Amino acid sequence: MRALVFDSFRGPLQVREVADPTPAPGGVVVRVGASGICRSDWHAWQGHDSDVVLPHVPGHELAGTVAAVGAGVTRWTVGDRVTVPFVNACGGCAQCAAGEHQVCARQTQPGFTHWGSLAEFVALDAADVNLVAVPEQLDLATAAALGCRYATAFRAVAQVGAVRAGEWVVVHGCGGVGLSAVQIAVASGARVIAVDVSAAALELACALGAEHAVTGMADVAAVVAELTGGGAHVSLDALGAAATCTNSIRSLRPRGRHVQVGLLPPAQGRPEVPMDRVIALELQLFGSHGMAAHAYPELLGLIAAGRLDPRRLVTRELALADAGPALAEVGRQPGIAMVTNF
Ligand SMILES: [Zn+2]
Ligand SMILES: [Zn+2]
């Protein structure tokens, strides 16, 4: 198969022929129809993820059709249209038994623990636990966004952040996951403030319903306090950087909820967490790590009902040949870049 490969961290990203994957017992191989290019892929390429073994094929935000089925799989057959959360849960550990598949103790992740989906084919583990059927009316490029950024944003806003109508929500970092969070928070009836350094990203955030756009160069917490009359109810670090994490926590009113969505690899420096404010204001700090497959029906229902429209986040469709430069420059252009031509 053709795949995007890197042989060294931060080294060349090349499309070349590699061996086809075979399904593990309980797993499947999917012919990839669409695969997003996400900041986490960039982290993998940079060497920020200790799971990655070289040479490596990145890609974890995907949809496609089942091409081969491993022994013991009961729910899926060749030709089924599917997507999958980037955390592939084992289905058998204590976390999985509690329904918390997104923090499975024995999880695998395509594009990190093994070769990923910026390729013609990808192997996925524990298919009966992790695969999600893509409804007929949903195209694969839109469905792929549900594998990482859109579903991650949905869980962060609706479930972990528990955003309610009328609340102020700040989204720090308006890349793919941040813009998704803007759209989902607006649909929840929240009043949304978007923060980014890119004018183009802020323009898109406002088109998706953000009420205010704040350039990240400003004293963000002071601006948010002014706009909201004392701080946000919920604030998300959707970028994953020391400055955006600290700004997010500082943007909150008393009893406010911070949700960390963007990855914060230690190599990039630890954020300064203002614990004095956390205790004095009784702030709540949460992490949000993807979304379990069993939680997808609610999201798919809102999409089918027209309440949410992830298609608007997919701003570019690319060929696999263009995936390398797009990965190296992730975040330069607003919205989600999706490889749809393999
Ligand atoms: Zn991702
Ligand atoms: Zn598990």
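I take contact to mean heavy atoms within 4.5 Å. With that in hand I opened this predicted model and started from Val169, which, once its neighbours within four places in sequence are left aside, is in contact with Val163, Ala185, Ala190, Arg191, Val192, Ile193, Val234 and Leu236.

**Entry 1, nonpolar cores.** I looked up where Val169 belongs and found it listed, with Leu236 and Leu299, among the residues with the most contacts inside the largest nonpolar core, a set of 54 residues. Helix α5, residues 149-160, gives the most to this core, contributing 7 residues. I then noted a second, separate core of 32 residues, which includes Ile37, Ala44, Val84 and Leu320. As background I wrote down that nonpolar side chains in soluble globular proteins tend to be buried together.

**Entry 2, helix α1.** Ala44 took me to helix α1, residues 39-46, where 7 of the 8 residues are buried, so the helix is largely enclosed by the rest of the structure. The buried ones I listed are Ser40, Asp41, Trp42, His43, Ala44, Trp45 and Gln46. Looking for what covers them, I found that the cover includes strands β1 (2-6), β2 (13-17) and β3 (28-37) together with helix α12 (323-328). After α1 comes Gly47, for which I noted a positive phi, near 90°.

**Entry 3, Pro55 and the aromatic pair.** I went on to Pro55, which sits in the loop between α1 and β4 (62-69). Its relative accessibility is 38%, so I entered Pro55 as partly exposed, a class that runs from 20% to 50%. Pro55 and Val5 are 50 residues apart along the chain, yet I found their C-alpha atoms separated by 6.7 Å. Leaving aside neighbours within four places in sequence, Pro55 is in contact with Val5, Phe6, Asp7, Arg16 and Trp115.

Phe6 in that list led me to ask how many aromatic pairs the structure holds. I found 1, and its members are Phe6 and Phe9, a tilted pair with 6.2 Å centre to centre and 50° between the planes. The two rings are not equally covered, since Phe6 is buried at 0% relative accessibility, whereas Phe9 is partly exposed with a relative accessible area of 29%.

**Entry 4, salt bridges.** My count of salt bridges came to 9. In one of them the side chains of Arg149 and Glu61 meet at 2.6 Å, N to O. This pair links distant parts of the chain, with Arg149 in helix α5 and Glu61 in the loop between α1 and β4, 88 residues apart. I checked both Arg149 and Glu61 for burial and found both buried.

Another bridge joins Arg311 and Asp139 at 3.6 Å, N to O. Here Arg311 lies in the loop between α11 (296-304) and β14 (314-319), while Asp139 lies in the loop between β7 (132-133) and α4, 172 residues apart. Arg311 is partly exposed at 31% relative accessible area, and Asp139 is partly exposed at 32%.

A further bridge, between Arg191 and Glu211, I noted at 2.5 Å, N to O. It runs from strand β9, residues 191-196, to the loop between α7 (199-207) and β10 (212-215), and its partners are 20 residues apart. Arg191 is partly exposed at 36%, as is Glu211 at 37%. I also recorded that salt bridges with shared partners join Asp139, Arg311 and Glu317 into one network.

**Entry 5, Thr142.** Asp139 turned up again when I looked at Thr142, a residue of helix α4, residues 140-145. The side chains of Thr142 and Asp139 are joined by a polar contact of 2.7 Å. Thr142 is buried, with a relative accessible area of 2%, and beyond its neighbours within four places in sequence it is in contact with Pro310 and Arg311.

**Entry 6, Glu120.** Last I looked up Glu120, in the loop between α2 (94-97) and β6 (121-124). Why does Glu120 have no salt bridge to Arg31? The nearest side chain of opposite charge, Arg31, is 4.4 Å away, and a salt bridge requires a nitrogen within 4 Å of a carboxyl oxygen, so this pair does not qualify although Glu120 is buried. What I did find is that the Glu120 side chain reaches the backbone nitrogen of Arg2 at 2.6 Å. With neighbours within four places in sequence left aside, the contacts of Glu120 are Met1, Arg2, Val30, Arg31, Val32 and Phe342.

Methods:
Residues are numbered from 1 along each chain as its sequence is written. Chains are lettered from A and ligands numbered from 1 in the order in which they are written. This is a predicted model: local features need pLDDT of at least 70, side-chain atom pairs count only at pLDDT 80 or more; totals for chains, interfaces and linings use all residues. Side-chain values use heavy atoms; hydrogens and water are left out. Helices (H or I, at least four residues) and strands (E, at least two) are DSSP runs, numbered from the N terminus. Buried means under 20% relative accessible area, exposed over 50%, partly exposed in between (1.4 Å probe, protein chains only). Lys and Arg count as positive and Asp and Glu as negative; His and the chain ends are not counted. A polar contact is a pair of N or O atoms within 3.5 Å; within protein, one must be able to donate a hydrogen and the other to accept it, and residues adjacent in sequence count only if both atoms are side-chain atoms. Rings of Phe, Tyr and Trp (its six-membered ring) pair if their centres lie within 6.5 Å; planes under 30 degrees apart count as stacked, over 60 as edge-to-face and the rest as tilted. A nonpolar core is a set of buried Ala, Val, Leu, Ile, Met, Phe, Trp, Tyr and Cys residues joined through side-chain atoms within 4.5 Å.
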